[in-house]
Amino acid sequence: MRTPPFLAPFGIGLDLEKGAMVRPKRRLVRRASDLRGYYADAAALEEQVRRGNPVHYEVEEIPVPETRGHLMYCISRILPGRVGDEFLMTKGHYHADAGTAEVYLGLRGEGLVLMKARGKFRAERIVRGRMVYVPPFWAHRTVNTGRGPLSFFCVYPAGAGHNYGDIASEGFPRRVVLRRGKPAVVRSS
Ligand code: S6P
Ligand code: ZN
């Protein structure tokens with residue numbers, strides 16, 4: 001195993017009210033067009049792409065080396081809204097090194113972290129002040145069920161990597177949709 005790169009300690013600012021990183025160095029932006037294939041209502045998504053292709057979510061980072069030993073941290077922010085009746089969500093992934101965990105800390109807004117592993121499914125609520133532990137081997141996707149942005153802080157082994165392909169093809173066994181004015185977790189058909 002390679003020795004982790006030696007780094008000087010540092011501190012960074014987090015705006016806990018906004019749920020944002022102060023002066024992030026890297027920003028990953030996912031728009032409607034990046035989410036093709038993920039929502040049940042493909043036509044509703046295409047309509048969004050045509051009407052300005054809005055941002056669905058962003059991930060802010062001040063990155064560290066993506067190797068064993070380091071811890072990557074970031075803030076994700078999912079905008080409020082839906083595609084058809086389905087609440088906006090991240091793509092979701094397994095870690096490429098599947099046996100690596102992750103911690104999420106809710107900063108702003110409300111939502112659900114959907115997780116699946118070995119035929120099992122769990123949904124954990126995420127809100128300001130609540131931590132969600134994603135154990136090794138569990139794929140994870142976050143859904144914004146609120147009226148404002150959902151922001152959460154994440155920490156995971158920096159060498160974990162991301163496997164998007166399996167979720168892109170399998171999806172999740174449940175979707176989070178608006179039913180009678182409330183979020184509901186329903187079976188994916
Ligand atoms: C990284 C961590 C989060 C997600 C982010 C976007 O391991 O789980 O930072 O990357 O919430 O989700 P996704 O599924 O598009 O990477
Ligand atoms: Zn992850």
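The legends below describe close-up views of ligand 1 and the largest pocket in a predicted model.

**View 1. Residues around ligand 1.** In this predicted model, ligand 1 is surrounded by 17 residues, of which the closest are Tyr 57, Glu 102, Tyr 104, His 162 and Tyr 164. Sorted by class, the shell around ligand 1 consists of eight nonpolar, seven polar and two charged residues.

**View 2. Polar contacts and cover of ligand 1.** The side chain of Tyr 164 places an N or O atom 2.5 Å from an oxygen atom of ligand 1. For His 162, a polar side-chain atom and an oxygen atom of ligand 1 are 2.8 Å apart, whereas at Gly 92 a polar backbone atom is found 2.8 Å from an oxygen atom of the ligand. Of the 390 Å² of accessible area that ligand 1 has on its own, 97% is covered by the protein.

**View 3. Strands that contribute to the ligand shell.** The space that ligand 1 takes up is the largest pocket, and the elements that supply two or more residues to the shell around the ligand are strand E4 (55–61), strand E5 (71–78), strand E9 (102–108) and strand E14 (150–157). Strand E14 accounts for the largest share of this shell, with three residues.

**View 4. The largest pocket and its lining.** The largest pocket holds about 490 Å³ of space, and among the 26 residues that line the pocket, those closest to its centre are Val 59, Glu 61, Tyr 156, His 162 and Tyr 164. Two or more lining residues are given by each of strand E3 (26–31), E4, E5, E9, strand E13 (139–144) and E14. Classified by residue type, the lining of the largest pocket comprises 11 nonpolar, eight polar and seven charged residues.

**View 5. His 162 and Tyr 164 beside the ligand and in the pocket.** His 162 and Tyr 164 are among the residues closest to ligand 1, and both are also listed among the lining residues closest to the centre of the largest pocket. Each has a side-chain atom placed by an oxygen atom of ligand 1, at 2.8 Å for His 162 and at 2.5 Å for Tyr 164.

Methods: Residues are numbered from 1 along each chain as its sequence is written. Chains are lettered from A and ligands numbered from 1 in the order in which they are written. This is a predicted model: local features need pLDDT of at least 70, side-chain atom pairs count only at pLDDT 80 or more; totals for chains, interfaces and linings use all residues. Side-chain values use heavy atoms; hydrogens and water are left out. A residue is near a molecule or strand if one of its heavy atoms lies within 4 Å of it. A polar contact is a pair of N or O atoms within 3.5 Å; within protein, one must be able to donate a hydrogen and the other to accept it, and residues adjacent in sequence count only if both atoms are side-chain atoms. Accessible areas come from the Shrake-Rupley method with a 1.4 Å probe; for residues, only the protein chains shown count as cover. On a 1 Å grid over the protein atoms alone, a cavity is a set of points where a 1.4 Å probe fits but cannot get out, and a pocket is an open set with protein on both sides within 12 Å along at least five of seven lines; lining residues have an atom within 4 Å of a point. A molecule sits in a cavity or pocket if more than half of its atoms lie within 2 Å of its grid points. Helices (H or I, at least four residues) and strands (E, at least two) are DSSP runs, numbered from the N terminus. Ala, Val, Leu, Ile, Met, Phe, Trp, Tyr, Cys and Pro count as nonpolar, Asp, Glu, Lys and Arg as charged, and the others, Gly among them, as polar. Grid points are joined across faces, edges and corners, and a volume is the space filled by probe spheres set on the points.
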